[in-house]
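Me: I am new to this structure and would like a close look at a single part of it. Please start from one residue and then walk me outward to what surrounds it in the chain.

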Amino acid sequence: MVTDIRTRLLGQDVSFPVDESRLAYWLVVMRLIVGWWFLHAGLDKFLAWPFDASWFVGGAAAQTTLGPILVLFSDGILLSFTNVMVPLGQTLIGLGLIVGAMTRLAAFFGAFLMTFFYFVNGETGGWSHGVITGDLLGLLIFAMIATLGAGRVLGIDAYLARTDLVRDHPRLRHFIG
């Protein structure tokens, strides 16, 4: 199986063939594992409804670098928004990665969430054994999935890339892959 990975890196078009099927399958495995990780996290929150993020955005985050931003979401309508969007976002990110649809978009939002988790969890004690944590590794895996176009290997994105909609609107290519 030969897959041509095409992406943009630092404003340049980059493409390279993945000659060995093992590498292509490894991308699929990573996409499925991270997809299941986030789908499971989102569904767990829905199954234990109501989800309450106030302990994180108002409590744990308050004394961190991101505290001034996150405490805005600690009460009122922004907390209600967060309480719905975290489990919904995790579920949609997981589904997108598992089926390989809108993979770059899903990976971007996964990395976005992991950035918050990394800094808040790290600054509240998670870095006591060093700055390399599971949250950082998750963030890097999301970056790998987005950069290598993992959705085009055995994913719906391979089909979406060939549709007239994407051909007529080339900017949509940034969301798939």
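Is leucine 154 buried or exposed?

Reply: Happy to help, and please keep in mind that this is a predicted model. Leucine 154 is exposed, because its relative accessible area is 54%, and the cut-off for that word is over 50%. You will find leucine 154 in the loop between α6 and α7, where α7 covers residues 156-160. The backbone there deserves a look too: leucine 154 has a positive phi of about 55°, although it is not a glycine.

Stepping back along the chain, you meet another positive phi. Just after α6, glycine 149 has a phi of about 65°. So that you can place these residues, here is the whole protein. Its elements run β-β-α-α-α-α-α-α-α-α from the N terminus, giving two strands and eight helices. There are 177 residues, of which 39% count as buried. The C-alpha trace spans about 50 × 35 × 30 Å along its principal axes. Of the contacts with a separation of 6 or more, 67% are between residues 24 or more positions apart.

Now to α6 itself, the helix before our loop. Its 14 residues should span 20 Å at 1.5 Å a residue, and the end C-alpha atoms are indeed 20 Å apart, so the two values agree. Unlike leucine 154, which is exposed, several residues of α6 are buried: Asp135, Leu136, Gly138, Leu139, Phe142, Ile145 and Ala146.

What does α6 pack against? One of its partners is α1: residues 21-47 form α1 and residues 134-147 form α6, and the two axes are 10 Å apart at an angle of about 130°. That angle makes α1 oblique to α6. The crossing of these two helices is left-handed. On the α6 side, the contact is made by Gly138, Ile141, Phe142, Met144 and Ile145; on the α1 side, by Met30, Arg31, Val34, Trp37 and Phe38. Sorted by type, the residues of this contact are eight nonpolar, one polar and one charged. Gly138, Phe142 and Ile145 are in this contact and are also among the buried residues of α6.

Following that contact brings us to α1. It has 27 residues and reaches 38 Å from its first C-alpha to its last, close to the 39 Å expected at 1.5 Å a residue. Its buried residues are Ala24, Leu27, Val28, Met30, Arg31, Val34, Gly35, Phe38, Leu39, Ala41 and Gly42.

Helix α1 also packs against α4 (residues 76-99), with the axes coming within 7 Å and crossing at roughly 150°. This makes α1 roughly antiparallel to α4, since angles over 145 degrees count that way. Here too the crossing is left-handed. From α1, the contact includes Arg31, Val34 and Phe38, and from α4 it includes Val86, Ile93 and Leu97. The residues of this contact comprise 16 nonpolar, five polar and two charged. Notice that Arg31, Val34 and Phe38 appear in the contact with α6 and again in the contact with α4.

Beyond α1, look at the loop between α1 and α2 (54-60), where proline 50 lies. A cis peptide bond joins tryptophan 49 to proline 50, with omega at about 5°.

The loop between α4 and α5 holds methionine 102, which makes a useful companion to our starting residue. Methionine 102 has a positive phi of about 55° and is not a glycine, and leucine 154 fits that description as well. Their surroundings can be put side by side: methionine 102 is partly exposed, with a relative accessible area of 34%, whereas leucine 154 is exposed at 54%.

One last stop is α5 (residues 103-123), which contains phenylalanine 119. Phenylalanine 119 is partly exposed, as its relative accessible area is 31%. Leaving aside residues up to four places away in sequence, phenylalanine 119 touches Leu66 and Trp127. Leucine 66 is 53 residues from phenylalanine 119 in sequence, yet their C-alpha atoms are 7.4 Å apart in space.

Definitions and conventions: Residues numbered from 1 in each chain as written. Predicted model: local features only at pLDDT ≥ 70, side-chain atom pairs only at ≥ 80, totals over all residues. Heavy atoms only, no water. Axes fitted to C-alpha atoms, helices over the stretch in contact; angles between N-to-C directions. Helix = DSSP H or I, 4+ residues; strand = E, 2+ residues; numbered from the N terminus. Parallel < 35°, antiparallel > 145°, perpendicular 65-115°, else oblique. Left-handed = near helix turned anticlockwise from the far one by under 90°. Contact = heavy atoms within 4.5 Å. Nonpolar A, V, L, I, M, F, W, Y, C, P; charged D, E, K, R; others polar. Expected span 1.5 Å × (residues − 1). Buried < 20%, exposed > 50% of the residue type's maximum accessible area, 1.4 Å probe, protein only.
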